[in-house]
Amino acid sequence: HCTDVAGEWTVREGDDGQPLVTREHAKGDAAMRGTASDLLLVLWRRIDLASIDVVGDTEVAARFVARTALA
């Protein structure tokens with residue numbers, strides 16, 4: 001969830017095991033909220049996950065960030 005601009009995405013595991021990204025609001029095990037730049041910096045692992053607001057299961061959010069292929 002972006003807090004400074006319009007932006008909300010849901011990421012789920014697809015049938016093939018690959019991430020399936022949709023631009024929608026949906027319930028999940030974890031949600032990450034922050035400015036667009038902070039969210040991107042977290043995904044690039046340039047700032048710590050604790051720098052943004054994580055709602056729900058923080059371990060799920062940490063595993064998601066660890067699996068991103070941006071770094």
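Begin by selecting Val-65, which lies in helix H2, and keep in mind throughout the tour that the structure on your screen is a predicted model. With a relative accessibility of 9%, Val-65 counts as buried, because the word buried is used for residues under 20% relative accessible area. To see what surrounds the residue, show its contacts: leaving aside neighbours within four places in sequence, Val-65 is in contact with Met-32, Val-42, Leu-43, Arg-45 and Leu-49. One of these, Arg-45, is worth a distance label, since Val-65 and Arg-45 are 20 residues apart in sequence, while their C-alpha atoms are 7.6 Å apart in space.

Next, move along the chain to Thr-68, which you will find in the segment after helix H2, the helix that spans residues 58–67. A polar atom of the Thr-68 side chain lies 2.7 Å from the backbone oxygen of Val-65, so that this step leads back to the residue where the tour began. Thr-68 is buried, with a relative accessible area of 16%, and, when neighbours within four places in sequence are left aside, Thr-68 is in contact with Leu-43 and Arg-45.

Now turn to the strands, and select S1 and S2 together. S1 covers residues 10–13 and S2 covers residues 19–22; the two strands pair in the antiparallel sense over four bridges. The hairpin that they form has five residues between the strands, and in this hairpin Gly-17 takes a positive phi near 85 degrees. If you would like to follow one pairing across the hairpin, pick Val-11, whose bridge partner in S2 is Val-21.

Stay with strand S1 and select Thr-10, which has its place there. Is this residue buried or exposed? At 9% relative accessibility, Thr-10 counts as buried, and its side chain reaches the backbone oxygen of Glu-24 at 3.0 Å. Leaving aside neighbours within four places in sequence, the residues in contact with Thr-10 are Leu-20, Val-21, Thr-22, Glu-24, His-25 and Ala-26.

From Thr-10, go on to Glu-24, and display its side chain along with that of Arg-12. Glu-24 forms a salt bridge with Arg-12, in which the closest N and O atoms are 3.4 Å apart. Glu-24 lies in the loop between S2 and strand S3, whereas Arg-12 lies in strand S1, so the pair ties together parts that are 12 residues apart in sequence. Both ends can be found at the surface in part, as Glu-24 counts as partly exposed at 32% relative accessibility, and Arg-12 counts as partly exposed at 40%.

The count of salt bridges comes to two, and for another of them you should select Arg-33 and Asp-53, where the closest N and O atoms are 3.7 Å apart. Arg-33 lies in strand S3 and Asp-53 in strand S4, which runs over residues 53–56, so this pair ties together parts that are 20 residues apart in sequence. Arg-33 is partly exposed, with a relative accessible area of 37%, and Asp-53 is partly exposed as well, with 41%.

For the last stop, switch on the surface and colour Trp-9, Val-11, Val-21 and Phe-64, which form a nonpolar patch with about 350 Å² of accessible area together. Val-21, a member of strand S2, counts as exposed at 51% relative accessibility, because exposed is used for residues over 50%.

How values were computed
Residues are numbered from 1 along each chain as its sequence is written. This is a predicted model: local features need pLDDT of at least 70, side-chain atom pairs count only at pLDDT 80 or more; totals for chains, interfaces and linings use all residues. Side-chain values use heavy atoms; hydrogens and water are left out. Patches are made of residues with over 30% relative accessible area and no salt bridge: like charges are joined within 9 Å, nonpolar side chains (Val, Leu, Ile, Met, Phe, Trp, Tyr) within 5 Å. Accessible areas come from the Shrake-Rupley method with a 1.4 Å probe; for residues, only the protein chains shown count as cover. A salt bridge is a side-chain nitrogen of Lys or Arg within 4 Å of a carboxyl oxygen of Asp or Glu. Buried means under 20% relative accessible area, exposed over 50%, partly exposed in between (1.4 Å probe, protein chains only). A polar contact is a pair of N or O atoms within 3.5 Å; within protein, one must be able to donate a hydrogen and the other to accept it, and residues adjacent in sequence count only if both atoms are side-chain atoms. Contact means heavy atoms within 4.5 Å. Two strands pair if DSSP finds at least two bridges between them.
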